[in-house]
Amino acid sequence: MEQFDVVVIGAGAAGMFCAALAGQGGCRVLLLDNGKKAGRKILMSGGGRCNFTNMYTEPAAYLSQNPHFCKSALARYTQWDFIDLVNRHGIAYHEKTLGQLFCDDSAQQIVDLLLKECEKGNVTIRLRSEVLAVAKSDEGYTLALNGAEVSARSVVVASGGLSMPGLGASPFGYKLAEQFGLKVLPTRAALVPFTLHKPLLEHLQTLSGVSVPSVVTAENGVAFKESILFTHRGLSGPAILQLSSYWQPGEFVSINLLPNLDLAAFLDEERRAHPNQSLKNTLAQQLPKRLVECLQTLGQLPDVTLRQLNVPQQAALVESLQAWRVQPNGTEGYRTAEVTLGGVDTRALSSKTMMANNVPGLYFIGEVVDVTGWLGGYNFQWAWSSAWACAQALVAEQQP
């Protein structure tokens, strides 16, 4: 039976980075993945350009039932540390919006960076390797793989969440946590588009592809100011994806379609200048014409001229455009979700090392744990930071 110091399960962002750092620190590392390619989710991210971190990363941008847990790792391995690594590899990148950093060329560059770092650490990588069973003994762990058995002093679970099952996502990490007595918090799809109830969807489907800068607010008061995108299934775009992490089934969301405009003052001014102009044409100066027409068929704006628009109608119009209440039917689920909310309860882990408090040598990093970042590179930064914290502990274990 082959023996290693560390077996890392999952060759995604967190797993590859942890394996590389542990290997460079002197550990004999085996990195396993059930897919035929390392970093599959990285390659899909950021429209193929990988939004690899965010310049404004801070703990407040993460959701967890144990909100303080992420602070230690994020403080010890920051976005600037990973940016420095990207620079050392000569990868050109740019800021898109709100501190989001993307590769100029391709997400493959981040995968290549991680593979090179693994090579530097002499990491053994085995793809198409399924872990069938994990057993603990006094010496460490024995893993039954398809066709082989390996042993290691430590096991790192970096198998991700349930999002994007087409890329090999599975509940493996949760099952392993439960096998060793760790609590797993309920999971659900996050950073995911909303679906809509049929009557409203039938009206809005005509807007598929239309994008509008907005402020979207959840019932708990959390709000995001970014674009929304109408789709043939419902609502998407950055503001909606962000809000999906805070939305609960049955709740309404409030959408301000004109967040940068004093709509009442604009209408008063236009009425003075063009009293006979139709309300529809006036609003089309500020919103896509197709959206204005659609809102009119929904009965949200009257078919009148500005002169005919009375005070109660104007007040109702301002309310419907700047606090439009929409009740999603649900979300598109794990199929299109960027991340999974929930996961391994972080109260069972050390925030310094990522090791299970009651199971020596068993670590959990990345998306498998109950830490979920905002859209925009925050989840990649959690992968890098949690992997780094874990690797430091693995290397320290090596010291006599």
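This tour proceeds through the domains of a predicted model, the interface between them, the annotated spans and one salt bridge.

**Stop 1: the two domains.** Begin by selecting residues 2–188 together with 338–398, which the domain assignment gives as domain 1 of the protein chain. Then select residues 194–331, assigned as domain 2. With both selections coloured, compare their centres: taken over C-alpha atoms, the centres of domain 1 and domain 2 are separated by 40 Å.

**Stop 2: the interface.** Next, display the residues through which the two domains meet. Eight residues of domain 1 are in contact with ten residues of domain 2. Between them, domain 1 and domain 2 bury about 750 Å², and 51% of this area is on carbon and sulfur atoms. Select Arg188, Trp374 and Leu375: these residues supply 60% of the area that domain 1 buries against domain 2, more than any other three residues.

Which polar interactions cross this boundary? Five residue pairs are in polar contact across the interface of domain 1 and domain 2, with both residues of each pair at pLDDT 80 or more. On the side of domain 1 that touches domain 2, the residues by class are five nonpolar, one polar and two charged. As for salt bridges, the rule finds zero across the interface of domain 1 and domain 2.

**Stop 3: the annotated spans.** The following selections come from the UniProt record.

- Residues 5–392 carry the feature "domain: RsdA/BaiN/AoA(So)-like Rossmann fold-like" in an unreviewed UniProt entry. This span is 31% helix and 25% strand, and its end C-alpha atoms lie 14 Å apart.
- Residues 188–339 are listed by UniProt (unreviewed entry) as "domain: RsdA/BaiN/AoA(So)-like insert". Here the chain is 34% helix and 24% strand, with 9 Å between the end C-alpha atoms.
- Residues 6–31 are listed by UniProt, again in an unreviewed entry, as "transmembrane region". In the model, the span 6–31 is 46% helix and 27% strand, and 8 Å separate its end C-alpha atoms.

**Stop 4: a salt bridge.** Finally, turn to charged side chains. How many salt bridges does the structure hold? The structure holds twelve. For one of them, select arginine 126 and glutamate 2, whose closest N and O atoms are 2.8 Å apart. Arginine 126 lies in strand S7 (residues 124–126) and glutamate 2 in strand S1 (residues 2–9), so this pair ties together parts that are 124 residues apart in sequence. Side chains of opposite charge can pair when their charged atoms come close.

Conventions: Residues are numbered from 1 along each chain as its sequence is written. This is a predicted model: local features need pLDDT of at least 70, side-chain atom pairs count only at pLDDT 80 or more; totals for chains, interfaces and linings use all residues. Side-chain values use heavy atoms; hydrogens and water are left out. Domain bounds come from an automatic or database domain assignment. Contact means heavy atoms within 4.5 Å. Buried area is the accessible area (1.4 Å probe) that two parts lose on being put together, summed over both. A salt bridge is a side-chain nitrogen of Lys or Arg within 4 Å of a carboxyl oxygen of Asp or Glu. A polar contact is a pair of N or O atoms within 3.5 Å; within protein, one must be able to donate a hydrogen and the other to accept it, and residues adjacent in sequence count only if both atoms are side-chain atoms. Ala, Val, Leu, Ile, Met, Phe, Trp, Tyr, Cys and Pro count as nonpolar, Asp, Glu, Lys and Arg as charged, and the others, Gly among them, as polar. UniProt positions are given in the numbering used here, feature names are shortened, and annotations may be inferred rather than shown by experiment. Helices (H or I, at least four residues) and strands (E, at least two) are DSSP runs, numbered from the N terminus.
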